[in-house]
Amino acid sequence: MTIYEGESVDTKDDWEEKEQIVLSDYKTKEEMHALMVEKGFQLKSKEEIEAMKLQKQKEAAEEKKLKAEKSEKRRLEYESRQKERRESEERTMKLQEEQEAMKKEEL
């Protein structure tokens, strides 16, 4: 784990590496938690962790919904373009047939 020090979250480019810690050196959850508290992290309660998980699940579900809506919109637009293309081709063929019929009548 690398710990950085800096003035602001907005200026991450200005942050300097403060310390590197080899996490595999810590064998138990308690040792890891003690390290994190020592470095300024705060252990979250089970309720806070559950709330964060639920929020992430909601965000993921909303993102999935938006992607599905976007995909459906693209599919409908594609189908509309295909329909317009077919109708245009049919009109063109009809005009060509009418022109050929008129030429035959002239002969």
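How exposed is E50, by relative accessibility? I started my notebook with that one, and the answer is 43%, so E50 counts as partly exposed. A reminder to myself before going further: this is a predicted model.

**Entry 1: E50 and its partner**

I looked for a partner of E50 and found K53, with which E50 forms a salt bridge. The closest N and O atoms of the two are 4.0 Å apart. I had to recall the cut-off here: a salt bridge needs a Lys or Arg side-chain nitrogen within 4 Å of a carboxyl oxygen of Asp or Glu. Next I checked where the two sit, and both K53 and E50 are in helix α2. They are 3 residues apart, which is about one turn of the helix. K53 has a relative accessibility of 46%, so K53 is partly exposed.

**Entry 2: R75**

I stayed in helix α2, which covers residues 46–106, and moved along to R75. Its side chain meets that of E72 in a salt bridge, at 2.6 Å from N to O. R75 and E72 are both in helix α2, 3 residues apart, again about one turn of the helix. I also found a polar contact between the side chains of R75 and E79, at 2.5 Å. For exposure, I noted 36% relative accessible area for R75, so R75 is partly exposed. E72 comes out at 35%, so E72 is partly exposed as well.

While I was there, I checked a distance to S88. R75 and S88 are 13 residues apart in sequence, and their C-alpha atoms are 20 Å apart in space.

**Entry 3: E19 and K39**

How many salt bridges does the model hold by this rule? I got a count of 8. One that I opened up joins the side chains of E19 and K39, at 3.0 Å from N to O. This pair links distant parts of the chain, 20 residues apart. E19 belongs to strand β2, while K39 is in the loop between α1 (29–38) and α2. I looked up both exposures: E19 has 27% relative accessibility, so E19 is partly exposed. K39 has a relative accessible area of 26%, so K39 is partly exposed too. I then followed the connections outward and found E19, E38 and K39 linked in a network of salt bridges.

**Entry 4: a charged patch**

Which residues gather in a patch of negative charge on the surface? I wrote down E7, D13, D14 and E16. I picked E7 for a closer look and placed it in the loop between β1 (2–5) and β2 (16–20). Is E7 buried or exposed? The relative accessible area is 80%, so E7 is exposed. For the patch I needed its rule as well: members have over 30% relative accessible area and no salt bridge, and like charges are joined within 9 Å.

Note on methods: Residues are numbered from 1 along each chain as its sequence is written. This is a predicted model: local features need pLDDT of at least 70, side-chain atom pairs count only at pLDDT 80 or more; totals for chains, interfaces and linings use all residues. Side-chain values use heavy atoms; hydrogens and water are left out. Patches are made of residues with over 30% relative accessible area and no salt bridge: like charges are joined within 9 Å, nonpolar side chains (Val, Leu, Ile, Met, Phe, Trp, Tyr) within 5 Å. Accessible areas come from the Shrake-Rupley method with a 1.4 Å probe; for residues, only the protein chains shown count as cover. Lys and Arg count as positive and Asp and Glu as negative; His and the chain ends are not counted. The place of a charge is taken as NZ of Lys, CZ of Arg, CG of Asp or CD of Glu. Helices (H or I, at least four residues) and strands (E, at least two) are DSSP runs, numbered from the N terminus. Buried means under 20% relative accessible area, exposed over 50%, partly exposed in between (1.4 Å probe, protein chains only). A polar contact is a pair of N or O atoms within 3.5 Å; within protein, one must be able to donate a hydrogen and the other to accept it, and residues adjacent in sequence count only if both atoms are side-chain atoms.
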